[in-house]
Amino acid sequence: MNSEMFIESDLNRTNKRTQALYRTLFIIMTLLLILPVVIILGTLVYKGGGIISIDFLFTDPINGMTEGGIFPALVGTLWLVSVALLISVPLGVAAAIYLSEYAADNWFTRIINLAIINLAGVPSIVHALFGVGAFVIFFGFGTSILAASLTLAIMTLPVVIVSTRESLQSVPYAFREACWNMGATRWQTIRRVVLPNAVSGILTGIILEVSRTAGETAPIMFTGAAFFLPYLPQGVFDQTMALSLHLFVVATQVPNVPDALPYGVALVLIGLVLLMNSISIAFRMHLRGKKKW
Amino acid sequence: MVTTTEITPKLQVKDLTIRYGSHTALSGVSLEVMPNEIFSIIGPANAGKTSFLKVLNRMDTFNSEMKYDGKIFFNGLDTRHLRNHYALRRRIGVVFPLPVGLPMTVYENVALSPRLRGINNKAELDVIVERCLQRAALWDEVKDRLDSLGSLLSGGQQQRLTIARALSQEPELLVLDEFSIAVDPVTTMRIEEVLKELKEEMTIILVTNLVQQARRLADRTAFFLNGECVEMGITEALFSGEAKDQRTIDYIEGRFG
Ligand SMILES: Nc1ncnc2c1ncn2[C@@H]1O[C@H](COP(=O)(O)OP(=O)(O)OP(=O)(O)O)[C@@H](O)[C@H]1O
Ligand SMILES: [Mg+2]
C-alpha cells in the first residue's frame, strides 16, 4: 500500500504538464521584455560606437555642430542633474519622513498624498511651462541652470517622496514601538533605527531618479538649456547645453549632420544613465548584504 | 503624634477603562502594585492584559484610537497630564511576547538606551552592557559575539537580549508580557530565576498565560477576563482554594479558556 503512494496518477501528470506550459510562457514573456533593450543598445553601439572617443567626449562641437565633440553638453547635464538633486533630495526626503513618521491619518495628510500622486501624473511639458512662468519670469532667474534645475526638481519630487516613504515603511513597525517603549522620542527613533535601515532604499530611489532627470528634455528646453553654447557654465545663473537637448538638436534641427553623430550622443546619454543605474544596483546589493532582520 | 510611615505604591490604578474607538477593551479596573513586588496578571486572550500594560507607560499617545478613563499614579504621580512621557517610559522597562531584537548588534541593542540618555563614553557603556547581559543570564553565551547582529541569536537568547535591553533603562518597574511564549522551558526557568533576583531591586508586573508561572513567581495575582478584573489576591491564597469567584477557580484549574 505504501509503495503505491509514489505512483503517478493521471491528475499528477496533467498538473505537471500545465506547470511546464505556464513556466515556458512566463519565460518567453520575460525574454520579450529584454528584446527592446537589446535592439536599442545594439543599434546605438552599431551606428554610433565608432564616433565615441576621448576627443568626442572632451571637445566642443564645431562647424554648426556637425563636427567636434559634446563636452559642454556633457558638463551641462551634470550641472543640471546635480543642482536638481541638491534641491529635490532634501525636500523630498524631509517630506517623506514627515508623511511616514509624523503625520496622523487625517484629511490634511490625505490632501497632501493626493497632491503628490497628481504631481507625479503631470506631463513634463506642463512642468516646463510652469517652470517658465514661475522660475524664469516670476522669480526672475531668467533662462538659467537654476530655473531648469528647479523645474526638474519639482518634476522629480513626487517620485523621491514616494520611494523614500516606501523605504521608511519597509522598516517594521515593531522596531519603532520597541524604541518608543524605551523612552526614545520620534526623532531619536528615526535617527537611530528607521533611517539607518531605510537608507539603502532611499539612495536607490534617488539614483534611479537621477537617471530619469538626465534624460528629460522638455522641462529644460525653455528654462535653461541652450541650443548651442560652446562654453562651460560658470554658475547656476548661466545657461548651458545639455545632452538630451543636444541629441534632439543634432537629430532634427541641424542640416548636414553625419549619421553617426546623433547615435553617438544618444549612446553617451544612455551610457551615463546605465552607469548611474549600475552604481545604484551595486550599492543596493552591497547594503542588502548587510540587511539586519 | 506619631504618623505611620506609609509606603507609596509603585503603581496605583483607579477605575481604569480602556477603549479603542467604541470598543471597550478593559473596564473599571482598580489595583495597586507595591515596590519590590511581583504582581502577575493572568487571563485568557482578549482579557485586556496587553492593553492594560500599554497605558501604564502611556503608549496610548501613539495610537489615536486608544483612549482611557480613570487614574494611574506612578510613584504617586498622576500620569494623565504628564508632559514628559519619555521620562516615564524610561523608568518602565517592557518585554514583549515575541522578542523584538532591534536591527543592530548585540552590544548596540543594550547600549541604545544609555546612549539615548546621553551616555557616550565607551568604557562606561561597556560596563553597562556587561552588567545588563549578566543580569539577563545571557553574558556567557554572547560575550564573544557582541558585535554580531542581535537577530542572529536564537529565539530564547533574543528574549533574554530584550530583557537585558529593558534593564539597560535602569527601570523602576519591569513589565513582561507573556515573555515565555516563544521560549523553551529551560530558558523560561532561567529567566524566572533572573526575575526572582531582580525583584530585590525593582517592581515587576508579569502578564502570563501560564497559570503555574504566576504561582511560582508572583506575590499577588489578578485574574482578568473579557476586559474585567474578576479577582485579585495573594497568589498562594488564590491557588490554595481561597479564590471566591467560580470563574477564577475554573481558570486556575484549567477548566476553561
Ligand atoms: N491596537 C488596537 N486597536 C484596536 N483594538 C485593539 C488594539 N489592541 C487590542 N485591541 C482590542 O482590545 C481587546 C483586548 O486586547 P488585548 O491585546 O489587551 O488582550 P490580551 O489580554 O493581551 O490578549 P492576549 O492574551 O491574546 O495577548 C481585544 O478585543 C482587541 O481586539
Ligand atoms: Mg496580549
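**Notes on a predicted two-chain model with a ligand**

1. Let's begin inside chain A. Arg176(A) is buried, with a relative accessible area of just 5%, well inside the under-20% limit that the word stands for. You'll find Arg176(A) in helix 7 of chain A, residues 173–181. The side chain of Arg176(A) has a partner there: a polar contact of 2.8 Å joins Arg176(A) to the side chain of Glu101(A). Before going on, keep in mind that this is a predicted model.

2. Next, have a look at helix 3 of chain A, residues 71–102, where Val75(A) sits. Val75(A) has a relative accessibility of 16%, so Val75(A) counts as buried. How far apart in space are Val75(A) and Tyr231(A)? Their C-alpha atoms are 9.9 Å apart, although 156 residues separate the two in sequence.

3. Now for the aromatic rings. Over all chains, the structure holds 12 aromatic pairs. One of them is Trp107(A) with Phe108(A): the ring centres are 6.1 Å apart and the planes stand at 80°, so this pair is edge-to-face; the cut-off for that label is over 60 degrees. Trp107(A) is exposed, at 61% relative accessible area, while Phe108(A) is partly exposed, at 40%.

4. Another pair to find on screen is Phe141(A) with Phe237(A). This one is tilted, with 6.3 Å from centre to centre and 55° between the planes. Why does the pair tie together parts that are 96 residues apart in sequence? Because Phe141(A) lies in the loop between helix 5 (124–138) and helix 6 (145–169) of chain A, whereas Phe237(A) lies in the loop between helix 9 (218–221) and helix 10 (243–252) of chain A. As for cover, Phe141(A) has 23% relative accessibility and so counts as partly exposed, and Phe237(A) is exposed at 55%.

5. Both of those phenylalanines belong to a wider group. Phe130(A), Phe135(A), Phe138(A), Phe139(A), Phe141(A) and Phe237(A) form one aromatic cluster. If you colour one set of side chains in chain A, you could pick this cluster.

6. A word on backbone angles. Most residues other than glycine have a negative phi. Asn256(A) has a positive one, near 60°. Asn256(A) is found in the loop between helix 10 and helix 11 (260–288) of chain A. Is Asn256(A) buried or exposed? Exposed, with a relative accessible area of 71%.

7. Chain B has an asparagine with a positive phi too: for Asn46(B), phi is near 70°. Asn46(B) lies in the loop between strand 3 (38–42) and helix 1 of chain B. With the protein chains alone counted as cover, Asn46(B) is exposed, with a relative accessible area of 58%. Asn46(B) also takes us to the ligand, since an N or O atom in the side chain of Asn46(B) is 2.6 Å from an oxygen atom of ligand 1.

8. So what else is around ligand 1? There are 13 residues around ligand 1, and those that come nearest are Asn46(B), Gly48(B), Lys49(B), Thr50(B) and Ser51(B). Ala47(B) has a backbone N or O atom 3.1 Å from a ligand oxygen. Glu178(B) offers a polar side-chain atom, also 3.1 Å from an oxygen atom of ligand 1. On its own, ligand 1 has 630 Å² of accessible area, and the protein covers 64% of that.

9. Where does the shell come from? Strand 2 (23–33) and helix 1 (49–56) of chain B each supply at least two residues of the shell. Helix 1 of chain B gives the largest share, three residues. By type, the shell divides into five nonpolar, six polar and two charged residues.

10. Finally, a quick check on helix 6 of chain B, residues 155–167. At 1.5 Å a residue, its 13 residues should span 18 Å, and the end C-alpha atoms are indeed 18 Å apart, which agrees. How many residues of helix 6 of chain B are buried? The count is 12 of 13, so to speak a mostly covered helix. Among the buried ones are Gly156(B), Arg160(B), Leu161(B), Ile163(B), Arg165(B) and Leu167(B).

Note on methods. Residues numbered from 1 in each chain as written. Chains lettered and ligands numbered in written order. Heavy atoms only, no water. Helix = DSSP H or I, 4+ residues; strand = E, 2+ residues; numbered from the N terminus. Expected span 1.5 Å × (residues − 1). Buried < 20%, exposed > 50% of the residue type's maximum accessible area, 1.4 Å probe, protein only. Near = heavy atom within 4 Å. Polar contact = N/O pair within 3.5 Å; in protein donor to acceptor, adjacent residues only side chain to side chain. Areas by Shrake-Rupley, 256 points an atom, 1.4 Å probe, with all protein chains shown as cover. Nonpolar A, V, L, I, M, F, W, Y, C, P; charged D, E, K, R; others polar. Phe/Tyr/Trp six-rings, centres within 6.5 Å; stacked < 30°, edge-to-face > 60°.
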